[in-house]
Amino acid sequence: MTFLTEAAIDAARLAAMVAGPGRGAQVSFVGTVRNHQAGRQVRELHYTAYGPMAEAQCVAIVAEAENRWPVSVALQHRVGTLTIGDAAVVVVVTGDHREEAFAACRFVIEEVKHRVPIWKRERYADGTEAWVDPTAALDPAETGSP
Amino acid sequence: MTIDHVRPIHIRLLLFARYAEVVGVEACDLVLSASATVADALAELRLRYPAADILPTRPLCARNHSQVAMEDEVRDGDELALLPPLAGG
């Protein structure tokens with residue numbers, strides 16, 4: 001299974017991949033497409049990725065989480081056009097106890113946002129569209145840092 | 001920097017999302033002098049595509065799928081990618 005997918009993410013399937021008789025905790029994060037951004041009405045999002053690097057970064061992030069905590073991690077991110085409510089990213093973490101499962105799940109989604117080369121173009125209700133730049137509001141002069 | 005005594009290197013440069021849009025190209029092959037850096041590759045891109053002037057001075061870059069600094073060297077056969085601010089999730 002690849003980390004990037006053009007098809008809808010099957011969260012139940014991801015959960016099944018990391019289930020186990022000793023796993024007493026399952027924590028998941030589902031990032032969905034919302035209908036507003038910075039006061040604008042969003043109609044849909046188009047995700048593109050640098051595929052080979054995105055896959056390599058996801059492999060590394062999952063390995064780092066599984067090395068740092070006694071957990072199992074399943075992860076997928078959508079590419080292509082998504083509409084409101086669609087799951088764009090799903091992280092499912094299982095552990096024997098909740099503490100490590102929560103910590104690892106938080107780690108994975110934050111690392112995905114910081115390291116995986118994925119971009120999104122917002123298409124607004126008024127027919128216009130624009131690339132999303134999470135750094136624009138912070139420092140318009142320096143866009144090199146994620 | 002001189003290319004008189006050493007063989008030039010060939011790299012593949014990839015642009016994504018907004019960067020590809022503003023420069024008007026998604027990929028190009030560059031010939032650089034040996035021991036060229038990421039910054040040199042960018043300078044060469046700006047020479048060939050004037051629209052690349054609009055890119056940040058120090059964009060996020062990856063060499064062969066790992067992030068690199070502008071001062072890092074590029075080697076023959078490298079795939080160098082210019083990454084706009086990441087926006088996954």
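**Exercise 1. Place Arg78(A) by its accessibility, its element and its contacts.**

Step 1. Arg78(A) has 9% relative accessibility, so the residue counts as buried. Buried means under 20% relative accessible area, exposed over 50%, and partly exposed in between (1.4 Å probe, protein chains only). The model is predicted: local features need pLDDT of at least 70, side-chain atom pairs count only at pLDDT 80 or more, and totals for chains, interfaces and linings use all residues. Residues are numbered from 1 along each chain as its sequence is written, chains are lettered from A and ligands numbered from 1 in the order in which they are written, and side-chain values use heavy atoms, with hydrogens and water left out.

Step 2. Arg78(A) sits in strand E5 of chain A. Helices (H or I, at least four residues) and strands (E, at least two) are DSSP runs, numbered from the N terminus.

Step 3. Set aside neighbours within four places in sequence. Arg78(A) then contacts Thr5(A), Glu6(A), Ala7(A), Ala8(A), Ile9(A), Tyr47(A), Ala87(A) and Ala88(A). Contact means heavy atoms within 4.5 Å.

Step 4. Take Ala8(A) from that list. Ala8(A) and Arg78(A) are 70 residues apart in sequence, yet 7.2 Å apart in space, C-alpha to C-alpha.

**Exercise 2. Work out the strand order of the open sheet in chain A and place its helices.**

Step 1. The order of the 4 strands is E1-E5-E7-E2, with mixed pairing. Two strands pair if DSSP finds at least two bridges between them.

Step 2. E1 (4-5) and E2 are the edge strands of chain A; each has a single partner, so one side of each lacks a neighbour in the sheet.

Step 3. E5 (residues 71-78) and E7 (residues 87-95) of chain A pair in the antiparallel sense over 7 bridges. Leu75(A) stands opposite Val91(A) of E7(A).

Step 4. Helix H2 (residues 51-68) of chain A packs on the sheet and touches E1 and E5 of chain A, its direction at about 160° to that of E5(A). Helix H3 (residues 98-115) of chain A lies across E2, E5 and E7 of chain A, at about 150° to E7(A). Axes are lines fitted to C-alpha atoms, for helices over the stretch in contact; angles run from 0 to 180 degrees between N-to-C directions.

**Exercise 3. Describe the largest cavity and its lining.**

Step 1. The whole structure holds 1 cavity of 30 Å³ or more. On a 1 Å grid over the protein atoms alone, a cavity is a set of points where a 1.4 Å probe fits but cannot get out; lining residues have an atom within 4 Å of a point.

Step 2. The largest cavity has about 70 Å³ of space. Grid points are joined across faces, edges and corners, and a volume is the space filled by probe spheres set on the points.

Step 3. Its lining comprises Trp119(A), Lys120(A), Trp131(A), Val132(A), Asp133(A), Ala17(B), Arg18(B), Pro84(B) and Pro85(B). E8 of chain A and helix H1 (17-23) of chain B are the elements that give two or more residues.

Step 4. By class, the lining has 6 nonpolar, no polar and 3 charged residues. Ala, Val, Leu, Ile, Met, Phe, Trp, Tyr, Cys and Pro count as nonpolar, Asp, Glu, Lys and Arg as charged, and the others, Gly among them, as polar.

**Exercise 4. Describe Ala38(A) by its phi, place and exposure.**

Step 1. Ala38(A) is not a glycine, yet its phi is positive, about 50°.

Step 2. Ala38(A) lies in the loop between E3 and E4 of chain A. The residue is exposed, at 75% relative accessible area.

Conventions
On a 1 Å grid over the protein atoms alone, a cavity is a set of points where a 1.4 Å probe fits but cannot get out, and a pocket is an open set with protein on both sides within 12 Å along at least five of seven lines; lining residues have an atom within 4 Å of a point.
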